[in-house]
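Got the model open in your viewer? Here's a short tour: what to select, and what you'll find there.

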Amino acid sequence: MQTASPDPVPNAAANARLRPPAVAVVVPCYNEEISIAGVVAAFRAALPEATVYVYDNNSTDRTAEVAAAAGAQVRRETRQGKGNVVRRMFADIDADIYVMADGDGTYDAASAPRLIQRLVENDLDMVVGTRLQSDASDAFRLGHRFGNRFLTQSVNGLFGAQLVDILSGYRVLSRRFAKSFPALSSGFETETELTIHALELRTPLAEAETPYATRPEGSTSKLNTYRDGWRILRTIVKLVREFRPVLFYGTGAGVLAAISLLLGIPVIVTYLETGLVPRLPTAVLATGTMLLAFLSATCGLILESVSRGRWEQKRMAYLALPSVRSALRRPA
């Protein structure tokens with residue numbers, strides 16, 4: 001099972017042969033005029049050598065102007081949704097390491113150097129700043145906490161992981177991971193897609209607890225517990241269908257086969273006792289349902305080979321780029 005346990009730390013001599021990484025702080029933003037200046041200032045203080053990029057997603061307030069005045073490079077993505085912004089950020093920006101955070105001021109910028117150090121020293125592709133164990137329990141609404149745990153445990157069970165917070169928007173990513181990430185989602189489900197992509201490709205990842213704060217007064221959350229929770233759950237199901245077709249279609253086949261047997265066994269018993277089939281429509285329905293079960297199972301087996309081929313292509317695209325430590329190694 002894939003876990004987020006610490007990896008062995010390379011020795012100091014090996015670290016000394018690495019050049020300083022080029023770090024990009026990428027912040028998707030929609031109507032965060034109240035908090036964005038503090039976010040930009042905090043990351044500039046924590047990572048003085050990094051470039052802070054704020055991607056404005058059709059804000060109707062002064063988010064872009066405030067971010068630019070605070071020292072960020074402001075860019076725009078007109079397609080609405082966080083997933084669309086993440087896709088654009090990873091495509092446009094070149095860096096050795098990407099620090100992704102939200103513009104609402106809830107994530108702890110001071111933790112960024114520690115997360116980057118964890119990524120580089122252990123040659124990881126993603127470090128997730130987890131929130132659920134932090135002291136600021138009042139910053140995480142009860143509905144969001146329950147939904148996060150439910151979705152996290154669902155992903156753990158389906159993909160054999162031991163993660164604690166798959167929905168955190170605070171992530172440190174390697175260039176290799178960011179540039180090979182397909183980014184198919186359009187909204188807040190992009191964090192789930194990031195996690196499942198890492199689990200499916202079996203890339204090295206870790207989680208690190210970070211403080212989580214409440215939003216500044218006057219700032220409102222863009223999350224909708226039920227709508228976004230449903231979209232995330234739907235994304236998980238879609239990715240299971242894509243990455244685990246035998247499990248997805250096999251489950252459907254099992255349900256259909258059970259229904260067929262439930263309908264068909266009484267008909268068979270009656271036929272064996274009397275030699276008659278008095279409930280012909282039920283017999284036809286049971287037969288058709290069993291045929292659908294076999295068809296679903298066959299689809300799962302065929303799509304498993306297709307999924308395997310796509311997995312190999314994505315893995316090759318991922319391996320075409322160097323790991324963090326390889327990219328940072330000084331010339332001999």
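Start with helix α2, residues 36-46, and show what its buried residues pack against: β1 (23-29), β2 (51-56), α3 (63-69), β4 (97-100) and α5. Keep in mind that this is a predicted model.

Now put sticks on I36, V39, V40 and F43, the buried residues of α2. Look down the helix axis: these residues sit on the same side of α2, because they cover an arc of only 95° around the axis.

Next, hop over to one of those packing partners, α5. Select residues 112-121 and you have the whole helix, which is mostly covered, with seven of its ten residues buried. To pick out the buried ones, select A112, L115, I116, R118, L119, V120 and E121. Charged side chains are on that list too, R118 and E121 among them. Then step just past the helix to D123, which follows α5 and has a positive phi, near 55°.

Last stop: the cavity. How many cavities of 30 Å³ or more are there? The count comes to one, and about 40 Å³ of space lies inside. Select E200, E242, F243, S307, R310, W311 and K314 to see the lining. Colour α9 (225-243) and α11 (280-319) while you're here, since each supplies at least two of the lining residues. Which helix gives the largest share? That's α11, with four residues. Finally, colour the lining by residue type: you'll get two nonpolar, one polar and four charged residues.

Note on methods
Residues numbered from 1 in each chain as written. Predicted model: local features only at pLDDT ≥ 70, side-chain atom pairs only at ≥ 80, totals over all residues. Heavy atoms only, no water. 1 Å grid on protein atoms, 1.4 Å probe; cavity = no way out; pocket = protein on both sides within 12 Å on 5 of 7 lines; lining within 4 Å. Points joined across faces, edges and corners; volume = space filled by probe spheres on them. Buried < 20%, exposed > 50% of the residue type's maximum accessible area, 1.4 Å probe, protein only. Arc of directions from axis to C-beta. Contact = heavy atoms within 4.5 Å.
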